[in-house]
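Open the structure in your viewer and keep the selection panel at hand. The stops below go through one chain and then across to its partner.

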Amino acid sequence: MTPDRKSSSCNPSRFARLLTAFSSPKTAVILLTATVVASAVGTIVPQNTQGTALMTRSIRDEILLALDLHDVFHSWWFFLLGVLVCVSLVLCTWRRIRSRITVPKRAGLLFRRGDLPRLGSLLLHLGAAIVIAGFVYGQFQGIDAYVEIPEGETVSLAPIIPGHQLDQDLSIRCEDFSVEYYDSGIPREFRSELAFISSGAVLKRETLLVNHPVSFQGIRYYQAHYKSLPRAVLSVDDSGQPRTFTARPGDVYTLGAETFFRVTRVEENFMDMGPAMKIDFFSPAQSGYVWVLSGIEKVGQLFPDLLAKAPQFDPARFEGYVFSLERMEPLYVTGISISHDPGLPVVVMGMLLFVSGLFVVYLLPGSQRRALKKDRIQAGEP
Amino acid sequence: MNVTILNCVPFLYLAAFAFSVIRSVTGADIPGRIRDTLWIGGFVAHSTGMALRWAESYALGIGHAPLSNFYESLVFFSWAVIFLYLVLGFSRKNEELGTLTILIAFVLIAYASFSPHIDSRIQPLIPALKSNWLISHVVTCFLGYGAFVVASALAAFVLFGKKSARGGEKASDERIYQCIVIGFLFFTIGITTGSVWAHYAWGRYWGWDPKETWALITWLIYAAILHIRLIRRDERRIAVMTLVGLASSLFTFLGVNYLSGLHSYF
């Protein structure tokens with residue numbers, strides 16, 4: 001930069017010089033370095049922890065909290081940094097365009113053949129600014145939610161993504177979830193069969209796979225996680241036809257007048273004795289609990305006096321009713337990410353500009369040297 | 001079969017490195033020729049091994065490009081370093097650089113082949129990796145890393161080498177710059193394809209996952225180097241920054257595994 005003595009005293013020129021300084025390579029290096037440091041901090045300090053309890057906060061915790069260091073990438077100062085980078089990029093682009101316009105010889109034609117690298121550099125910086133703008137817009141306006149749906153159940157979407165222009169009655173049902181495995185036991189595929197339901201009618205049925213999201217009414221759904229919860233298939237023999245129930249902890253079933261049972265625990269491997277469940281039994285005559293083990297006969301052979309000593313393991317503990325645990329049938333719960341990002345088209349456009357600019361600058365024959373030379377001249381270096 | 005061939009490659013590279021050193025010390029012609037033969041032979045075996053591995057995965061019924069786990073990524077990283085060194089055409093211009101490049105390629109593939117913690121078996125793809133973006137994302141990222149490694153080898157000569165070995169300061173400055181530009185282009189495409197893939201797999205193109213963030217950090221460091229060169233062509237400063245960039249690249253590739261994240265299968 002060459003100081004201009006004539007106009008150094010008046011504000012517009014000082015402003016112009018500030019603009020030039022703020023769009024210079026030096027500023028770029030400072031901003032890039034600052035972003036590097038901030039991002040590194042964001043990966044080293046554990047993110048998205050709530051911070052420690054109020055009572056035990058140390059000065060270190062206070063500092064972490066004050067600077068949002070538990071959530072660097074959504075903090076006000078990281079946002080500010082993004083804005084500064086964006087402003088610098090826009091100024092840099094604008095300065096390049098202006099320097100073209102104000103050269104009288106070239107009036108009418110912004111760029112000529114030999115100027116391609118300059119055009120590339122312009123596109124590149126403009127593209128980067130657009131990417132950041134689109135990203136920030138998406139952060140503020142987008143939807144990023146997560147829902148878990150047990151197999152066979154229906155979940156309403158309106159409470160999960162509040163404030164979105166959505167069919168208020170829309171809900172998703174997970175009709176089926178399955179995991180396929182390779183022979184080696186490594187999972188091959190996670191598959192959710194989904195139904196989108198509104199006002200009692202199924203609008204659409206879709207199969208959701210990892211890497212194959214489903215789009216419905218402008219919102220995208222992704223297979224993100226799954227879990228399996230232990231579930232017991234049990235039968236109750238009350239000297240008649242045995243009845244079969246499928247139960248998760250908390251489920252209550254009625255057996256007769258004022259007689260019912262509640263499954264309180266379902267364990268896949270209870271004290272190394274295999275699957276087991278705990279049942280609370282209520283009837284006017286008797287009540288109490290019993291642990292039903294699927295391998296009770298084997299255990300009984302090992303400890304012949306088990307049932308006498310520990311009646312809580314006796315499947316026939318309650319007179320007239322014999323409980324037995326048939327098998328375990330895990331209940332799958334599918335985890336689905338829900339997302340909608342209105343900034344996405346902006347980011348894609350910016351990225352296309354950026355990459356094409358990059359190629360023009362660096363891959364056209366001889367272009368990088370010319371671009372470099374011109375940039376150095378512009379930056380005020382010999 | 002492929003593992004047998006790939007296990008031989010480190011020995012070929014090591015022998016090439018040994019003859020390269022002999023050649024540097026004695027200046028004799030014959031060790032130089034033996035080195036070239038071993039090195040090219042090693043590279044051919046390396047490429048053949050990867051191609052065979054690809055074919056064999058199809059024979060196993062779990063066909064996928066050999067880019068899906070830590071072993072395969074190290075093997076490809078080593079290959080990319082040699083490939084870029086050959087393509088960038090430095091082989092005749094700077095023999096010491098060649099020596100260092102072979103050594104780096106040797107260390108990478110030897111670690112892959114002989115570390116007891118690295119499983120060299122062909123494994124089927126887990127659902128998250130089943131995507132057409134796997135090849136383009138991994139190939140471009142590692143070509144980027146490879147170019148950064150070659151740039152760093154050059155930078156090491158600028159900082160620590162004898163003056164005569166550098167082939168002139170201007171020339172090596174220009175070459176570091178070329179390598180960084182190539183690496184920056186590949187790495188930009190690598191991050192872009194990665195974010196397109198993340199969009200389809202995870203529902204967001206950018207999520208500040210540690211691997212993503214460190215890729216961005218690496219990318220920003222090289223972007224800064226390209227700008228520093230506009231301010232002042234200080235060769236030593238650029239060389240130091242290039243090594244900082246390498247440290248960041250390696251942390252992106254390896255170190256991130258110590259931070260929890262979604263890329264944990266690499």
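**Chain B, then the contact with chain A**

Select chain B and show it as a cartoon: its secondary structure consists of eight helices and zero strands. Bear in mind that this is a predicted model. Following the sequence of chain B gives the pattern α-α-α-α-α-α-α-α.

Keep chain B selected and show its C-alpha atoms. Along the principal axes they fill a box of roughly 55 × 50 × 25 Å. The radius of gyration of chain B is 19 Å, which agrees with the value near 18 Å that a compact globule of 266 residues would have.

Next, colour chain B by burial. Of its 266 residues, 53% are buried, a residue being buried if 20 or more other C-beta atoms lie within 10 Å of its own. A contact map is the next thing to bring up. Among contacts in chain B with a separation of 6 or more, 79% join residues 24 or more positions apart.

Now add chain A and select the residues on both sides of the contact: 39 from chain A and 34 from chain B. On the side of chain A that touches chain B, the elements that give two or more residues are these:

- helix 2 (25-44), helix 8 (344-363) and helix 9 (367-378) of chain A
- strand 4 (187-198), strand 7 (219-229) and strand 15 (331-340) of chain A

Select helix 2 of chain A from this list; it gives the most to that side, with 12 residues. Finally, colour the side of chain A that touches chain B by residue class: 21 residues are nonpolar, 10 are polar and eight are charged.

Notes. Residues numbered from 1 in each chain as written. Chains lettered and ligands numbered in written order. Predicted model: local features only at pLDDT ≥ 70, side-chain atom pairs only at ≥ 80, totals over all residues. Helix = DSSP H or I, 4+ residues; strand = E, 2+ residues; numbered from the N terminus. Rg over C-alpha atoms; globule rule 2.2 N^0.38 Å. Buried ≥ 20, exposed ≤ 12 C-beta atoms within 10 Å, placed from the backbone. Contact = placed C-beta atoms within 7 Å. Nonpolar A, V, L, I, M, F, W, Y, C, P; charged D, E, K, R; others polar.
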